[in-house]
Number of protein chains: 2
Amino acid sequence: MPRVPSSSRITIEDVAKRAGLSTATVSRVMNQTGPVSKESVRRVQLAVSELHYKPNLAAKQLASQKNNMLGLLLDEISGDFFPPMLRGMETGAREAGYDLLIATMRGGSYAVGPHNTDGILVFDTSLDEAQLRKLDAESFPMVLLYRPPPRGLQIPYVAFENKDGARAMTDHLIEQCGYQRIAFLRGPSDNQDSYWRERGYRESLEAHGIAFHSDLLATGDFDDEIAYKVVRQWVGEGLTVDAIFAGDDESAIGTILALRDAGLRVPEDIAVVGFDDSPSSRHLTPPLTTVRAPIEQTGFEAVKQLISLIEKGAAQPEILLPTEIIIRESCGYKARRLP
Amino acid sequence: MPRVPSSSRITIEDVAKRAGLSTATVSRVMNQTGPVSKESVRRVQLAVSELHYKPNLAAKQLASQKNNMLGLLLDEISGDFFPPMLRGMETGAREAGYDLLIATMRGGSYAVGPHNTDGILVFDTSLDEAQLRKLDAESFPMVLLYRPPPRGLQIPYVAFENKDGARAMTDHLIEQCGYQRIAFLRGPSDNQDSYWRERGYRESLEAHGIAFHSDLLATGDFDDEIAYKVVRQWVGEGLTVDAIFAGDDESAIGTILALRDAGLRVPEDIAVVGFDDSPSSRHLTPPLTTVRAPIEQTGFEAVKQLISLIEKGAAQPEILLPTEIIIRESCGYKARRLP
DNA sequence: TCATGGGCTGTAAACGTTTACAGCCCAACG
DNA sequence: CGTTGGGCTGTAAACGTTTACAGCCCATGA
């Protein structure tokens with residue numbers, strides 16, 4: 001099998017020769033920089049398409065001192081959020097002429113940084129505070145996703161309205177569905193999302209003059225099995241409740257299962273709602289009422305801010321995208337109206 | 001806000017100076033190419049870590065005529081298969097020192113090609129035959145995922161054992177569960193996966209001496225809503241059947257819903273099985289018996305083959321990874337044994 | 001007529017690596 | 001002692017762009 005150089009053999013020089021111009025002019029046409037006569041533009045374009053010329057990226061990057069490359073740092077590729085988030089980023093990057101490099105943590109270090117990207121998107125806790133500080137000290141462009149910067153650092157971040165979403169959902173449970181005793185299943189204690197969702201829940205309670213009971217609060221850890229155990233225990237203890245607000249859809253799944261295994265009907269005996277609107281939530285029995293987070297827009301906004309930071313040197317310090325509550329059947333609202 | 005060059009300022013020259021050696025030697029140490037004395041290695045390593053030197057990727061690529069970059073082409077970022085597939089690819093690429101560039105089709109062309117990558121992974125039908133032929137003519141390294149090359153082209157491809165999986169599942173339905181009348185819901189007519197799954201289904205029938213009835217075959221199109229309609233119609237026509245083998249999990253979801261809405265119990269009245277083992281399949285009611293496709297390994301294998309093609313000039317023409325059948329409750333097998 | 005200046009173009013020096021080539025030193029060998 | 005050769009090192013020429021700078025041409029105005 002013959003070996004052929006993998007990189008395209010046609011260079012800007014070939015184009016220049018064919019068009020009867022210099023490489024400088026060809027470059028100016030390609031990048032729309034500097035003044036070029038119409039005739040030259042035409043000839044360059046012709047030569048380019050005849051030769052199928054594609055500029056060599058590496059040379060371009062080296063000469064222009066710009067990578068046109070964004071890095072995405074995360075510790076693992078998985079989860080329902082990933083495809084939409086990446087889709088949003090890809091769209092944003094592409095529109096601005098950037099490429100996206102994905103790097104997962106391995107061996108304690110990432111394969112992206114100032115040497116091969118113009119800036120990075122830091123997903124959640126994929127970078128610890130020390131690393132963040134170090135990059136910030138070099139004033140390397142970064143934007144954080146789903147988590148605010150550590151104290152003292154001015155790094156833009158984008159996330160969504162966890163608190164408002166949880167509050168709206170709790171409002172719905174109280175106002176539309178008429179529930180009073182509403183339990184909340186929070187996530188891991190160091191989780192920002194969990195913190196704000198709980199805040200939203202409490203604020204709604206307070207706004208409606210409903211006292212907060214700490215025995216209606218437990219940790220489901222954003223995990224279906226842990227949530228299952230917690231709920232089974234609640235039921236075993238004879239806890240009475242109108243509804244359970246699970247901090248995320250995972251724990252809502254565990255909750256529904258636990259209730260059903262305990263012989264309770266959802267939503268007739270106890271209503272259940274979740275948070276995230278993960279793909280499986282609409283196929284649950286009953287279909288889950290939940291809060292939809294604008295994951296895709298979140299990714300899109302993040303690259304938009306990052307590019308602004310790279311090109312203009314500034315970005316909005318904080319962007320919180322609005323959530324939307326999705327009413328299906330597990331909250332008992334529709335069921336109550338239809339009959 | 002001060003602008004700072006985004007690319008790392010420390011060059012190989014700085015390292016060389018600090019180590020009291022030439023750039024050539026530093027390069028040799030960095031890339032483990034050519035003979036270098038222990039003492040020099042030590043000094044270079046010291047200088048590198050003191051200066052936090054990271055080689056500029058663009059310069060490296062330009063000089064070495066190697067991009068160390070793989071492209072992944074797909075028409076859309078979505079679906080349950082995506083995260084595991086990407087995870088597999090990322091692992092494989094990283095192990096071999098390559099980076100991964102993701103490109104979705106937009107405006108009829110992709111942002112990756114010979115000018116910025118050493119080879120590409122072509123997902124399913126993201127590239128049409130003409131484009132494939134063109135790249136093949138330039139002998140640009142490619143590997144195909146989930147679909148064989150068009151007639152006459154020698155492009156390696158990796159997929160999984162659709163036929164064997166479907167056959168094993170049908171065997172299970174017949175042998176373990178004791179069903180005889182088994183319907184099959186196929187996917188889109190031009191879909192390779194669908195074609196082989198149907199083949200597996202038919203082969204199993206034949207091997208067990210069960211006649212194939214064309215009225216037990218319909219098109220669910222790998223879509224839950226279409227499957228829903230088809231199954232409702234079947235039920236309306238009074239079709240009697242022991243089990244329905246849905247061509248994928250999506251259509252299995254539609255099938256279960258249709259059956260339930262028609263007042264039929266799954267699996268007591270009619271068993272249902274799917275294909276893919278998508279994340280939501282285990283949370284369905286009842287949990288879905290299905291075939292697990294080794295998506296992650298598939299991604300891993302694909303980059304392995306691609307890299308072999310790039311570096312050694314050859315790869316295995318066809319790799320079919322084995323599937324595994326996952327028995328849960330929708331097939332009625334466990335339910336039958338437990339009581 | 002000549003000076004001015006704007007539009008367009010070309011020359012050539014970067015950019016930060018890799019690597020062919022040549023050269024040095026020293027041990028081993030005749 | 002002179003030659004050989006292997007291990008190690010340095011010099012400098014690529015790699016394919018961008019872009020500062022200089023220069024040309026020609027229309028314009030004095």
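Q: What are the domains of chain A, and how do we know their bounds?
A: Chain A is divided into domain 1 (12-64), domain 2 (69-160 + 295-322) and domain 3 (162-293 + 326-337), with bounds that come from an automatic or database domain assignment. The C-alpha centres of domain 1 and domain 3 of chain A lie 60 Å apart. This is a predicted model, where local features need pLDDT of at least 70 and side-chain atom pairs pLDDT 80 or more, while totals for chains, interfaces and linings use all residues. Residues are numbered from 1 along each chain as written, chains are lettered from A and ligands numbered from 1 in written order, and side-chain values use heavy atoms, without hydrogens or water.

Q: What makes a residue count as near DNA strand D, and which are the closest?
A: One of its heavy atoms must lie within 4 Å of the strand. 28 residues surround DNA strand D, and the closest are Ile12(A), Ser27(A), Asn31(A), Ala63(A) and Ser40(B). Of the strand D atoms within 4 Å of the protein, 64% belong to sugar or phosphate, and the rest to bases.

Q: Which helices supply the surface near DNA strand D?
A: Helix 2 (23-31) and helix 4 of chain A, with helix 2 (23-31) and helix 4 (57-64) of chain B, each supply at least two residues. Helices here are DSSP runs (H or I, at least four residues), strands are E runs of at least two, and both are numbered from the N terminus.

Q: How do you know that Arg28(B) makes a polar contact with DNA strand D?
A: A polar contact is a pair of N or O atoms within 3.5 Å; within protein, one must be able to donate a hydrogen and the other to accept it, and residues adjacent in sequence count only if both atoms are side-chain atoms. An N or O atom in the side chain of Arg28(B) is 2.8 Å from a base nitrogen of strand D, so the pair qualifies. Phosphate oxygens of strand D are also reached, at 3.0 Å by the side chain of Tyr53(A) and at 3.0 Å by a polar side-chain atom of Ser37(B).

Q: Which residues come nearest to DNA strand C?
A: Of the 27 residues around DNA strand C, the nearest are Ser40(A), Ile12(B), Ser27(B), Asn31(B) and Ala63(B). Sugar and phosphate account for 64% of the strand C atoms within 4 Å of the protein.

Q: What makes the contact of Ser40(A) with a phosphate oxygen of DNA strand C a polar one?
A: A polar side-chain atom of Ser40(A) lies 2.3 Å from that oxygen, so the pair meets the cut-off. Phosphate oxygens of strand C also lie 2.8 Å from an N or O atom in the side chain of Asn31(B) and 3.0 Å from a polar side-chain atom of Thr25(A).

Q: What makes the phi of Asn68(A) worth a remark?
A: Asn68(A) has a positive phi of about 50° although it is not a glycine, and it lies in the loop between helix 4 and strand 1 (69-74) of chain A. Most residues other than glycine have a negative phi, and most peptide bonds are trans. Gln65(A), just after helix 4 of chain A, takes a positive phi of about 60°.

Q: Where is the cis peptide bond with omega of about 5°?
A: That cis bond joins Val266(B) and Pro267(B), and Pro267(B) is in the loop between helix 10 (249-261) and strand 9 (271-273) of chain B. The bond from Thr285(B) to Pro286(B) is cis too, with omega near -5°.
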